[in-house]
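Work through the following exercises on the ligand sites and the metal site of the structure shown here. Each task is followed by a stepwise solution.

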Amino acid sequence: MAQTTAVFINHSSSDAITDFVLKHGNGVKGLSEIGLKNLPKQYIQPLEEIISEAKIMPQASIPIIDMSELDDPSVEEVVRRAAEKWGFFQIINHGVPIEVLENVKEATHRFFRLPAEEKRKYLKEFSPSNNVRFGTSFSPEAEKALEWKDYLSLFYVSEDEASVLWPSVCRDQVLDYMRRSEIVIRRLLDVLMKNLKVTEIDETKESLLMGSKRINLNYYPICPNPELTVGIGRHSDVSTLTVLLQDDVGGLYVRGDDDYWIHVPPVNGSLVINVGDALQIMSNGRYKSVEHCVMTDGSKNRISIPIFINPRPSDKISPFREVLASGEKAVYKEVLYSDYVKHFFRKAHDGKKTIDFAKIRRI
Ligand SMILES: CC(C)(COP(=O)(O)OP(=O)(O)OC[C@H]1O[C@@H](n2cnc3c(N)ncnc32)[C@H](O)[C@@H]1OP(=O)(O)O)[C@@H](O)C(=O)NCCC(=O)NCCSC(=O)/C=C/c1ccc(O)cc1
Ligand SMILES: O=C(O)CCC(=O)C(=O)O
Ligand SMILES: [Fe+2]
């Protein structure tokens, strides 16, 4: 059977492949598993989207910060500088138990091992809710070239809603990971806010900084031609902060100086933290939401699990009053957060362009 499918797919039209991947719920994981020899042409990315050896800064790395020392003012300073300069850092000794991380990784594999007919139930057209979505690539209708990634995206509303709507093979482990990471997120936001002269996170600020959460389970299967495609194209996150758990395969790259990229090496037990566009806007550009992308692997399947900490969809975001108090000019105008996110989802990944949506144009 697999043999027949492989012969069929290897000789199929683009449309048949797209149906197999997108409509029937096989995803790129399905393509990978039938032993595809060559990357289908709709996945071939323009050469400039591929990070070759020559574009990597081998000696550079994003900071690794030990959170057990966070009460030390010098460590607070390291966190702030990392958010200002790199927009990305890894944390260790963060208080989220290693079993919680291992359990959510295993749960992610369990979800993706489900048969296509099961996963298909969560495709946009069949899912019982907009808050649960299984998909592939990022925005297939808008993309010139597809991305080599399948995902399950879960927008968190409440434990009760999750217990009804989220797939039972991964629900409990995902919720546990979200719950257990809450303390470290709050702590990081406290430190980052102090530096902006925001001394108290009241109810309004709490909503703006962490009023909603989305968690994605990303699956990047073995790719037959990793030198021709990407797992995720260049983008910045639209979150306030993103907390990312990756496995031991590697492949995440962050924009460094000029046209160079920095690899984020897997560090056992660590979490990758990055600033998203919402925090760049609210900090009036002080904290940087940095472009990043994922390259595929020719010999290993990879997973990653980002938690996007966001404003609420109904929040209006703009630079904080405290940041502008000293007379600094606002770089960004007020935008409704759900408009911002819809703008992001409706186009293909395009590097740092999403934030132009909120930029004030001065002539
Ligand atoms: C606008 C949202 C996202 C959906 O609202 P809705 O009422 O369900 O509206 P729609 O169902 O009409 O969705 C709007 C559009 O977004 C698309 N979309 C709806 N969720 C999704 C979805 N998880 N995936 C990819 N399209 C979607 C959806 O397909 C639709 O596009 P289109 O059909 O072309 O009109 C709403 O939940 C909202 O405002 N959420 C705010 C919190 C939030 O989710 N923030 C996003 C944080 S995610 C982040 O930072 C980075 C994410 C990311 C993700 C993938 C990457 O490769 C890289 C980065
Ligand atoms: O897979 C990764 O390491 C990064 C994923 C990512 O950038 C995203 O989901 O927004
Ligand atoms: Fe991202």
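**Exercise 1.** Describe the shell around ligand 1 in this predicted model by residue class, then by secondary structure element.

Solution.
1. Sorted by class, the shell around ligand 1 holds 11 nonpolar, nine polar and seven charged residues.
2. In total, 27 residues surround ligand 1, and K124, R133, S153, R214 and H349 are the closest.
3. The space that ligand 1 takes is the largest pocket.
4. Two or more shell residues come from each of β4 (150–156), β5 (212–220), β6 (232–235), β12 (302–310) and α12 (337–345).
5. Of these elements, α12 gives the largest share, six residues.

**Exercise 2.** Which polar atoms of R133, R214 and S239 lie at what distance from an oxygen atom of ligand 1?

Solution.
1. For R214, a polar side-chain atom is 2.7 Å from an oxygen atom of the ligand.
2. For R133, a polar side-chain atom is 2.8 Å from a ligand oxygen atom.
3. S239 takes part through a polar backbone atom, 3.3 Å from an oxygen atom of ligand 1.
4. On its own, ligand 1 has 1100 Å² of accessible area, and the protein covers 83% of this.

**Exercise 3.** Identify the protein donors of the iron ion (ligand 3) and place them along the chain.

Solution.
1. The donors are H235 through NE2, D237 through OD and H292 through NE2, at 2.1 to 2.2 Å from the iron ion.
2. Along the chain their spacing reads H-x1-D-x54-H.
3. H235 belongs to strand β6 and H292 to strand β11 (residues 292–294), so this pair ties together parts 57 residues apart in sequence.

**Exercise 4.** Characterise the surroundings of ligand 2, beginning with its closest residues.

Solution.
1. The shell of ligand 2 counts 13 residues, with Y220, H235, H292, R302 and S304 the closest.
2. H235 and H292 are also donors of the iron ion.
3. Polar side-chain atoms lie close to oxygen atoms of ligand 2 as follows: Y220 at 2.6 Å, H292 at 3.0 Å and D237 at 3.2 Å.
4. Taken alone, ligand 2 exposes 290 Å², of which the protein buries 95%.
5. The elements giving two or more residues to this shell are β5, β6, β11 and β12.
6. The largest share, four residues, is that of β12.
7. By class, the shell around ligand 2 divides into seven nonpolar, four polar and two charged residues.

Conventions:
Residues numbered from 1 in each chain as written. Chains lettered and ligands numbered in written order. Predicted model: local features only at pLDDT ≥ 70, side-chain atom pairs only at ≥ 80, totals over all residues. Heavy atoms only, no water. Near = heavy atom within 4 Å. Polar contact = N/O pair within 3.5 Å; in protein donor to acceptor, adjacent residues only side chain to side chain. Areas by Shrake-Rupley, 256 points an atom, 1.4 Å probe, with all protein chains shown as cover. 1 Å grid on protein atoms, 1.4 Å probe; cavity = no way out; pocket = protein on both sides within 12 Å on 5 of 7 lines; lining within 4 Å. Sits in = over half its atoms within 2 Å of the grid points. Nonpolar A, V, L, I, M, F, W, Y, C, P; charged D, E, K, R; others polar. Donors = N, O, S within 2.8 Å, 3.2 Å for Na, K, Ca; no water.
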